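Colleague: Got a minute to go through this one with me? I'd like to start with the strands and then move on to the side-chain contacts.

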Amino acid sequence: MSDKRILLTGVNGQVGFELARSLQGLGTVVALDRAGLDLSSPDKIREVVRSVSPSLIVNPAAYTAVDKAETERDAAHAINATAPGILAEEAKRGGIPLIHYSTDYVYAGDKNGIYTEADPTDPQNVYGASKLAGEEAIRASGCAHVIFRTSWVYGVQGGNFVKTMLRLAADRPALKVVGDQWGAPTSARTIADITAHIVAQAASPQLSGGTSDKGLVWWEAKSGVYHLVAGGETNWAEYAKTIFALKGLGCEVTAIPASEYPVPAKRPSNSRLSTEKLQQTFGIQPPQWEVALRHCLESI
Ligand SMILES: NC(=O)c1ccc[n+]([C@@H]2O[C@H](COP(=O)([O-])OP(=O)(O)OC[C@H]3O[C@@H](n4cnc5c(N)ncnc54)[C@H](OP(=O)(O)O)[C@@H]3O)[C@@H](O)[C@H]2O)c1
């Protein structure tokens, strides 16, 4: 155990919960829930960061109610744009790196092919716009940062598509599920484990180039946006079928177009994200989505 202090936000969220476990052993994890650090209060953010005095900030907390965000623009912006900007300013001030999480929803989702980090962004809903503004605030701060764009997150903690499908299948013989939106279901555990692996690389004498913990210079060299999603691709209907098959449930799934399942926030139809940059930079290949799903379903 090193003497590093890692400030972790949103510990009760899907990813925050897994990060609290994955980051153990890489430092003293100061894991805060909303009561410990309310990200809607800029003053509180500054006060908490300065009192914890961390050597790394990891921020999985976010306003994630995608449909509600359409009518709660200010709240979404406060948590997803303003708060990461202040965390980034504090990181810059303290000379420490910030790890942050963003979303496939920063893209329009109309590309014919797989998205790379170099593709233009064009969010189609309030949540996506607020997350993109958060990314931009982090970049503008000049702090060393790694931003992971992920997609279709599920895990043992919190609510998600997997749990919804299992609940619905318990008393319905058949379901209609959207079949024309494509992406990769990504487990919170995968995101947390890969994050921890990268934090470990920063501290590794072999991987960071000689002396132990290259610190800020290493993080500055790696600073940028990375896609962090599971391998492979599917659509929501096929995803649901896989969940039921793995759980031995007989619920029948009919694929429907998104136009037949109206929701307040528009979703991208193509959320396929290349992880080539993650692999090239950190030598990490995320597991195939079905493998991670099988693993998670053993605990749900
Ligand atoms: N979920 C997805 O499908 C998905 C897809 C793409 C990207 N992402 C991104 O991945 C990251 C992790 O998402 P997730 O699925 O783990 O989210 P999540 O399960 O919804 O957790 C979000 C956490 O943020 C906390 N939070 C919300 N408002 C807060 C505030 N004012 N102050 C402090 N904490 C606050 C929540 O606290 P409470 O527990 O008190 O509500 C919750 O613990 C986020 O950046 C998200 O935008 C998620």
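Colleague: How many bridges join β5 to strand β10, and which residue stands opposite Val-146?

Modeller: Keep in mind that this is a predicted model. β5 and β10 (residues 224–227) run parallel, joined by four bridges. Within that pairing, the residue opposite Val-146 is Gly-224.

Colleague: And on the β4 side, which residue of β5 is the bridge partner of His-100?

Modeller: Strand β4 (residues 98–103) also runs parallel to β5, with six bridges between them. Helix α4 (residues 126–141) joins these two strands in a right-handed β-α-β unit. The partner of His-100 in β5 is Ile-147.

Colleague: Is β5 largely enclosed or not, and how many of its residues are buried?

Modeller: In a regular strand the side chains alternate between the two faces of the sheet. Here His-145, Ile-147 and Arg-149 point one way, while Val-146, Phe-148 and Thr-150 point the other way, and all are buried. The strand is therefore largely enclosed by the rest of the structure, the buried count being six of the six.

Colleague: Which ring pairs with that of Phe-148, and is the pair stacked, edge-to-face or tilted?

Modeller: The search turns up 13 aromatic pairs in the whole structure. In one of them, the ring centres of Phe-148 and Tyr-101 are 5.8 Å apart. Tyr-101 belongs to β4 and Phe-148 to β5, so this contact ties together parts 47 residues apart in sequence. The planes meet at 35°, so Phe-148 and Tyr-101 make a pair that is tilted.

Colleague: What about Phe-161 and Trp-236: how far apart are the ring centres?

Modeller: Phe-161 sits in helix α5 (residues 161–171) and Trp-236 in helix α9 (residues 236–247), 75 residues apart. Both count as buried, Phe-161 at 19% relative accessibility and Trp-236 at 16%. Their planes are at 55°, so this pair is tilted, with centres separated by 4.8 Å.

Colleague: Which cluster do those two rings belong to?

Modeller: Ring pairs carry the linkage on from Phe-161 and Trp-236 to other aromatic residues. The full cluster is Trp-152, Tyr-154, Phe-161, Trp-236, Tyr-239 and Trp-289.

Colleague: On to charges. In the Arg-189 and Glu-18 salt bridge, which residue is buried?

Modeller: Arg-189 is in helix α6 (residues 188–203) and Glu-18 in helix α1 (residues 14–22), 171 residues apart. Their closest N and O atoms are 3.5 Å apart, and both residues belong to a salt-bridge network with Arg-21 and Asp-193. Arg-189 has 32% relative accessibility, so it is partly exposed. At 6%, the buried one is Glu-18.

Colleague: What is the closest N and O distance between Arg-50 and Glu-90?

Modeller: Arg-50 is in helix α2 (residues 42–52) and Glu-90 in helix α3 (residues 73–94), so the pair ties together parts 40 residues apart in sequence. Arg-50 is partly exposed at 42% relative accessibility, whereas Glu-90 is buried at 5%. The closest N and O atoms are separated by 2.7 Å.

Colleague: Last one: over which ring does the charged end of Lys-111 sit?

Modeller: Lys-111 also meets Asp-119 in a salt bridge, at 2.6 Å from N to O. At 29% relative accessibility, Lys-111 is partly exposed, while Asp-119 is buried at 17%. The charged end of Lys-111 is 5.6 Å from the ring centre of Tyr-115.

How values were computed:
Residues numbered from 1 in each chain as written. Predicted model: local features only at pLDDT ≥ 70, side-chain atom pairs only at ≥ 80, totals over all residues. Heavy atoms only, no water. Buried < 20%, exposed > 50% of the residue type's maximum accessible area, 1.4 Å probe, protein only. Pairing = 2+ DSSP bridges. Right-handed = clockwise from strand over helix to strand, strands pointing away. Salt bridge = Lys/Arg side-chain N within 4 Å of Asp/Glu carboxyl O. Phe/Tyr/Trp six-rings, centres within 6.5 Å; stacked < 30°, edge-to-face > 60°. Lys NZ or Arg CZ within 6 Å of the ring centre and 35° of its normal.
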